[in-house]
Amino acid sequence: MQESGKDSIDLSVHNATKNFGDFVAVDSVSFDVEKGKFFSILGPSGCGKTTLLRMISGFIEPTVGSILIKNQDMAGRPPNQRPVNLIFQNLALFPMMNVAKNIAFGLERQKEKKAVIDKKTEEILERVGLPGFGEKKVDQLSGGQKQRVAIARSLIMKPTVLLLDEPLGALDLKLRDQMKVELKTLQNQVGTTFVYITHDQSEALVMSDHVAVMNNGIFEQVDTPQNLYAKPATPFVAQFVGENNKWEITIDKVSERKALGITKEGFKFSMPLEENLQNDDILQFFLRPESILLQPDPSIRDLNRFFVSVKTILFDGANSRILALLPQSRREIQISLPQNRQFDHIKIGDKIEAGWNPGSAITFPQEKVVA
Amino acid sequence: MIKRSFFKSRYLPYLLILPQIIVTMTFFYWPAIQGLSQSFFLSDPFGQRSQFVWFYNYIELFTDPLYLKSILTTFAFSLAVAAVSLSLGLFIASMANRALRAKALVRTMLIWPYAVAPAISGIMWLFLLHPSYGVVALGIKEWIGVDWNPVLYGGDAMVMIVMASAWKQISYNFVFFMAGMQAIPKSLIEAAAIDGAGPFKRFWFISFPLLSPTFFFLTVMNIIYSFFETFGIIHTVTQGGPGGSTNILVYKVYQDGFVGLNLGSSAAQSVVLMSLIIVITFLQFRFLEKKVQYGG
Ligand SMILES: Nc1ncnc2c1ncn2[C@@H]1O[C@H](COP(=O)(O)OP(=O)(O)O)[C@@H](O)[C@H]1O
Ligand SMILES: [Mg+2]
């Protein structure tokens, strides 16, 4: 992230750690979120996302570390005295109140005048695309509408930072895709800083300016969605963000101009030349399905070319794949199957040529296994 | 299709429910019918002769100032018991719900009073509050200077049976309130907190409305309890006295019938009580199913 003036930082988390007994749920996490940005925390279930969010919102205090909002230390401040609001995993709409009452709840607690509350409620309902819904009961709403009411209830409090805990989790796929776009648009319009947590990489990639990938309580990488995908910093990120073929390989030979990788089964291919590559190094090797070209044009040079036998065709629209076997081995490899009709002839059992540019692979040194 | 066991005999089902029917007939319907018919007769105290008198017993009853007073006493008593036991049960439940660590222990401790029989609960309170040997009663007189004497004063006697009756019911209410509170998602409370509602406001605007089905159910249960199940307490603590000030309807049935040997009137009183139970139960079903519930 680029350095900019301190004033433009809305949320700053330093070294935040949370222990539950011996268990470290969140481990020394630090990050800054600039004003008006959409920041996502992406990680598998149980990695500590909610715990981190609850520390920011003030429901729990960090064991170690500090949380600053607009350069103010939040230590010891209860949730209602922090300029944040939270959209809960289950939305937490009040079932016994109608939509307008739900939204007005916070303003009523601030003893705002009724006329002002009514006006603001109507405005915010319009903003989230539910004009005139005030009198509806919560259980009359669809999943997407509940979503928007929850957003309206939080936004009406004008928080500096809006925290969202997997709010789209309960929606079905189609609606989720639609809400992703809406949420991003809404965030652009209101300009509030969003901190969004999810275990769904596509939500994080589509909506965010920056994404932190979290695993076992630590941040593995904080970066733009493009960089996470193209330049994952750790094996975990490479595997968690997008699809990847993962092999364990040994460096077979390093010359001045060329290195070779070899899988356990003896499949050899050339590797990008990196300075500290040693003979007999063991590496984790990642190759995205779409980095592998099917029947590459003979004119393309420097490809690792090889023949695979087609085992299964996984048709999934634009995401279609071939599951194929590498030459002389039982190792499976996923290859993207573009649906531009060029490859309609491919059948199970076919032997076809494939290839990848050595530069499109990503490698990491083998993790030391600590006994 | 779900496969079910299939029995050829048409009589087997009837045979199977027969014991239950016999028990219900013998111990409920038969006495109820007996009572109903008894209420239309006047008998002499020795059961020698009886005379069919139509609604005489009922007319007598509702023109008897003692009976009307007993109705008032019963309402005052049951409202007081319900109010005390509901509010304390709710209060303790909300406290126990907050105290995370001791929750299990607190719960177990608080459930115990419910296992105590009403008569025993009455005796215990007598030991505490009897004007001549009650420990607390002596303290009240000594330290607070109140002339506490439930043996002489009707008001004091009423307070005493309300306490003895409510005490047992608090634990019952507590269990239901506790269960009701745990069914409220924590996130609702937190959502209210982040919007600036303090503990009291959270309780009032969120927990309490969500507990209203529980609250309504318990109100009915408490009223039924104080109407019909407090006999043992009254009997051990005040015997309806002093001067009939704690003579609630169930106790009066017993007194008039078994002590006063006015069987006709006693039967008529039982019928009135039985109708009351039927009405309350009916209302409870109607309201619990319709009014006081929220979806989602
Ligand atoms: N109050 C708590 N006490 C003990 N362990 C907890 C508590 N809250 C969360 N945890 C543990 O911390 C870990 C992270 O939880 P959470 O932050 O909810 O994960 P996520 O939201 O990423 O799914 C989990 O293993 C969870 O069991
Ligand atoms: Mg979570």
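How many Å separate the centres of domain 1 of chain A and domain 2 of chain A, taken over C-alpha atoms? In this predicted model, the domain assignment of chain A gives domain 1 as residues 5-234 and domain 2 as residues 245-368, and the centres of the two domains, taken over C-alpha atoms, are separated by 40 Å.

Contact between the two domains of chain A involves 6 residues of domain 1 and 4 residues of domain 2. The size of an interface is often given as the accessible area lost when the parts come together. For domain 1 and domain 2 of chain A, the buried area is about 400 Å², and carbon and sulfur atoms give 54% of it. On the side of domain 1, Tyr229(A), Pro232(A) and Thr234(A) lose the most area to domain 2, and together these three residues account for 85% of what that side buries. The residues of domain 1 that touch domain 2 divide into 5 nonpolar and 1 polar, with no charged residue. Between the two domains the count of salt bridges is 0, whereas 2 residue pairs in polar contact are found across their interface, with both residues at pLDDT 80 or more.

Ligand 1 is surrounded by residues of chain A, among them Phe20(A), Phe23(A) and Ala25(A), together with the run that begins at Pro44(A) and Ser45(A) and includes Lys49(A) and Thr51(A). Polar backbone atoms of two glycines face oxygen atoms of the ligand, the distance being 2.6 Å for Gly46(A) and 3.1 Å for Gly48(A). For Thr50(A), by contrast, an N or O atom of the side chain lies 2.5 Å from an oxygen atom of ligand 1. Taken alone, ligand 1 exposes 560 Å², of which the protein buries 56%.

The contact between the two chains takes 23 residues from chain A and 20 residues from chain B, and the area buried between them is about 1,800 Å², with carbon and sulfur atoms giving 66%. In chain B, the residues that lose the most area to chain A are Glu190(B), Ile194(B) and Asp195(B), which together make up 37% of what that side buries. The count between the chains is 1 salt bridge, and Glu190(B) forms a salt bridge with Arg54(A), in which the closest N and O atoms are 2.6 Å apart. Glu190(B) is thus named both among the residues of chain B that lose the most area and in a salt bridge to chain A. Across the interface of chain B and chain A, 3 residue pairs are found in polar contact, both residues of each pair being at pLDDT 80 or more.

Terms used. Residues are numbered from 1 along each chain as its sequence is written. Chains are lettered from A and ligands numbered from 1 in the order in which they are written. This is a predicted model: local features need pLDDT of at least 70, side-chain atom pairs count only at pLDDT 80 or more; totals for chains, interfaces and linings use all residues. Side-chain values use heavy atoms; hydrogens and water are left out. Domain bounds come from an automatic or database domain assignment. Contact means heavy atoms within 4.5 Å. Buried area is the accessible area (1.4 Å probe) that two parts lose on being put together, summed over both. A salt bridge is a side-chain nitrogen of Lys or Arg within 4 Å of a carboxyl oxygen of Asp or Glu. A polar contact is a pair of N or O atoms within 3.5 Å; within protein, one must be able to donate a hydrogen and the other to accept it, and residues adjacent in sequence count only if both atoms are side-chain atoms. Ala, Val, Leu, Ile, Met, Phe, Trp, Tyr, Cys and Pro count as nonpolar, Asp, Glu, Lys and Arg as charged, and the others, Gly among them, as polar. A residue is near a molecule or strand if one of its heavy atoms lies within 4 Å of it. Accessible areas come from the Shrake-Rupley method with a 1.4 Å probe; for residues, only the protein chains shown count as cover.
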